[in-house]
Amino acid sequence: MRVSLDEIGPDGLDLDDTVDVHDLRQALGPNAPFQPTQAGHLVAHLERLDDAVRVSGRARVDLEARCSRCLGPVPVTLDTPVDVTLFPKGAEPPPASDGEVAQDDLGVATYEDGEIDLAAVLHDEVFLELPMSPLCSESCAGLCPECGKDLNSGPCGCTPQQKDERWQALKRLKLS
Ligand SMILES: [Zn+2]
Ligand SMILES: [Zn+2]
């Protein structure tokens, strides 16, 4: 998943790579809230712009996330455009002066030791695109906060209505 700058010729470098599950797992990190389910695919063109390198193309990754309500598995397929400019570490452009725009949003990253780490590029792109709160279904009933039963498989014996009222009362207290 590493490309040396020397491999990028005057016409750039075209990549069409399968990224196996092991590499994807490493790219996403051990604590990622989702796991790759099959090999990913990266098609990209690398181009040198003085010291910077532009990586543009497309990445496809199949992941399994956890439903944010019931914690059940949610398949997520990302097929996302990639457009990142990598600068040598330490020579990246300063973040926008108002501080409101993160560098990630501008598709800016860094490289070190004359090598582009495509795993890191993939990591950034995938994290940016993943839904913040994946749901197994829009109508997912979630887990009972009291007994933990998966309410998609039927109601439990608890009385969530009562809980809700108490919670509302608590919120009113906090606001006053
Ligand atoms: Zn769910
Ligand atoms: Zn319950």
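Let's begin at Arg-60, whose relative accessibility of 38% makes it partly exposed. Keep in mind as you look around that this is a predicted model. Arg-60 has a charged partner: its side chain meets that of Asp-62 in a salt bridge, with 3.3 Å from N to O. Asp-62 itself is buried, because its relative accessible area is 8% and buried means under 20%. So this salt bridge joins a partly exposed arginine to a buried aspartate.

Why would such side chains meet at all? Side chains of opposite charge can pair when their charged atoms come close.

Another salt bridge is found between Arg-58 and Asp-79, where the closest N and O atoms are 2.9 Å apart. This pair links distant parts of the chain: Arg-58 belongs to strand 4 (residues 52–66) and Asp-79 to strand 5 (residues 73–88), with their positions 21 residues apart in sequence. Both ends are partly exposed, with Arg-58 at a relative accessible area of 40% and Asp-79 at 43%.

Now turn to Arg-2, whose side chain forms a salt bridge with that of Asp-117 at 3.6 Å, N to O. Arg-2 sits in strand 1 (residues 2–4) and Asp-117 in strand 7 (residues 115–117), so the pair ties together parts that are 115 residues apart in sequence. Asp-117 is partly exposed, its relative accessible area being 23%. Glu-115 comes into the picture here too, as salt bridges with shared partners join Arg-2, Glu-115 and Asp-117 into one network.

How many salt bridges does the model hold? The count comes to five, and the pairs described above are among them.

How values were computed
Residues are numbered from 1 along each chain as its sequence is written. Chains are lettered from A and ligands numbered from 1 in the order in which they are written. This is a predicted model: local features need pLDDT of at least 70, side-chain atom pairs count only at pLDDT 80 or more; totals for chains, interfaces and linings use all residues. Side-chain values use heavy atoms; hydrogens and water are left out. A salt bridge is a side-chain nitrogen of Lys or Arg within 4 Å of a carboxyl oxygen of Asp or Glu. Helices (H or I, at least four residues) and strands (E, at least two) are DSSP runs, numbered from the N terminus. Buried means under 20% relative accessible area, exposed over 50%, partly exposed in between (1.4 Å probe, protein chains only).
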